[in-house]
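Colleague: I would like to learn how to read the protein surface around a nucleic acid strand, beginning with the terms and then turning to the case at hand.

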There are 2 protein chains.
Amino acid sequence: MELHQLRYFVAVVDEENFTRAAERCLVSQPSLSQQIIKLEKELGQPLLERLGRRVQLTDAGRLLYDKALRVLSTVDGVQDELAELSGEGRGRLAVGAMLTAAPYLLPKLVRRFGRRFPHAEIILHEDLTEQIVDRLMQGELDVGILALPLEQRPLETTELFTEELLLAVPKGHRLASKKRVTMADVAREPFVLIDPLHCLGQQVLAFCLERDCRPRVVCRSSQILTVQQLVGSGVGISLLPECAARADRTRKCAYRSLSADRPTRTLVLAWREGRHQSRVVREFIRDAEQHAK
Amino acid sequence: MELHQLRYFVAVVDEENFTRAAERCLVSQPSLSQQIIKLEKELGQPLLERLGRRVQLTDAGRLLYDKALRVLSTVDGVQDELAELSGEGRGRLAVGAMLTAAPYLLPKLVRRFGRRFPHAEIILHEDLTEQIVDRLMQGELDVGILALPLEQRPLETTELFTEELLLAVPKGHRLASKKRVTMADVAREPFVLIDPLHCLGQQVLAFCLERDCRPRVVCRSSQILTVQQLVGSGVGISLLPECAARADRTRKCAYRSLSADRPTRTLVLAWREGRHQSRVVREFIRDAEQHAK
DNA sequence: TCGAATCAATAGGTATGTCCTATGGAGCTT
DNA sequence: AAGCTCCATAGGACATACCTATTGATTCGA
């Protein structure tokens, strides 16, 4: 019997539903199912009756539920008290992330963090780079997830990782299998551009122009997901970051590296210079440095 | 924060000593140290002052200790109640093992089992095969760890694994590096025999005689460890099971397979035919089947 | 009554984390 | 000063909790 199993169990009872319970616990539904099953096996009897649409406690389940509540509240209580005692409070963390990075980094980081500090309050803010920077300066946000280069502001940064920008083409497109693909090839194709409101859009444009390649922009979109759909349906090709390629579930796009002189973007954590950081913030930064990629 | 961490912590406080606490928890001292350190890190402050010879609680530690006791007793309590409810009692398990297998299998199995069922009572009995069988028949033991073949008695068995009997020679001995080693080679060397009181000794003798090889027995011993020491100091060579070879810490023996027709022994779990098995016994058997090797 | 939708369980693979052994280094004891 | 005792660190093995993808069962709506 483990504490996380008790948490899962209580969540299922409260939500009367495995799927919602899993969301509440920040794990996948199968993971939660597995742990409940394991708990039942260990205790030698079912805790829940699965009645199709809803879920009901068995006698054993009722017994466990009461104790589990008590155990969890004791554990949570002592964590709060200890946090109090060390003078750190329970912890609040406000993270900002630019829109073209947020969906690919935040889920994992927040999940990890939520598990380590179940009582910390996490506030997420997705926005354009400049707004994030503004809020960092105003102290509304503790840290931001941004891309280099950053405008000149008193920010401290730590690098997360550098990723390549890959050429996204429709599956089966001739560029998908061509041996060498250069910016000259790119210039000949219709191009779907991330809106240069986003720093990613600016970076892509800058990269092209530096190489005297003026892409034939047939369409611009402000969301990566939309770009992927457009590329997938043959509207044009585009340049997208690796993390977006990994997360692509459309199955209609192929991704490949350019043959030389590959474009990249570097993601960093940034915070206002000299800002005091509570323990949870420091821990979040440390954790992100190690596990962002 | 995890339950096992709380158990370790409480054990350290009770024993005032990491090493003893580790023994009580059936884990190694470094494992326990690690978990305590991890717990302190997560809570953001030390729980114990290490004062060389003894260990003292910090304020935070005192706070946690009280709560931990409460949490653990609640958890243990509910496990007992649930066991009660399913009508299985808390569980008692009496395991017998023949002397030439016990030290190599029991520690791991008992450790695993002790973790899964911290409240089950485990009784160990090491003895010669026949005594184990007698006690199984009399119902004093729930299961026995024995080797095939078994005398004709109403026993049910399940196979654990088959292991080779390896030739044990002093390090640097010419047989250690000879390409092919046969029973003819063995017959030429002085031989240290496990006392045929043990079924292992009988098996070794039988194996030799079946191949018309009469070993020159210079010495017989009733303990594998002693045999290893004797072989290591050059008294003679011997045939020993793989598990004993793996556990050999003398560093003075070399082990190798015979070139053909290799001798083996097969270890099994055995219990009296038709004997009712409580849940802990069934679980022990299942666990042993999977993790004995 | 059939098709769609919802939901839990299963399968397969990855990675995190706990455990082990071996070793180091600090503080007592003799 | 040498030897003990004891906790921490290092490195590698194994177990297990996690994920995605998929199946199978049930319920709901048409």
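Modeller: Helices (H or I, at least four residues) and strands (E, at least two) are DSSP runs, numbered from the N terminus. This is a predicted model, in which local features need pLDDT of at least 70 and side-chain atom pairs count only at pLDDT 80 or more, while totals for chains, interfaces and linings use all residues. Residues are numbered from 1 along each chain as its sequence is written, chains are lettered from A and ligands numbered from 1 in the order in which they are written, and side-chain values use heavy atoms, with hydrogens and water left out.

Colleague: Which element gives the largest share of the surface near DNA strand D?

Modeller: A residue is near a strand if one of its heavy atoms lies within 4 Å of it. Here H3(A) gives the largest share, 5 residues, and 23 residues surround DNA strand D, the closest being A:Tyr8, A:Ser31, A:Lys38, B:Thr19 and B:Ser33.

Colleague: What share of the atoms of DNA strand D within 4 Å of the protein belongs to sugar or phosphate?

Modeller: Sugar or phosphate accounts for 73% of those atoms, and bases for the rest.

Colleague: How should I read polar contacts to the phosphates?

Modeller: A polar contact is a pair of N or O atoms within 3.5 Å. From a side-chain N or O atom to a phosphate oxygen of DNA strand D, the distance is 2.4 Å for A:Lys38, 2.7 Å for A:Ser31 and 2.6 Å for A:Tyr8. The elements that give two or more residues to the surface near this strand are helix H3 (29–43) and helix H5 (102–116) of chain A, together with helix H2 (18–24) and helix H3 (29–43) of chain B.

Notes: A polar contact is a pair of N or O atoms within 3.5 Å; within protein, one must be able to donate a hydrogen and the other to accept it, and residues adjacent in sequence count only if both atoms are side-chain atoms.
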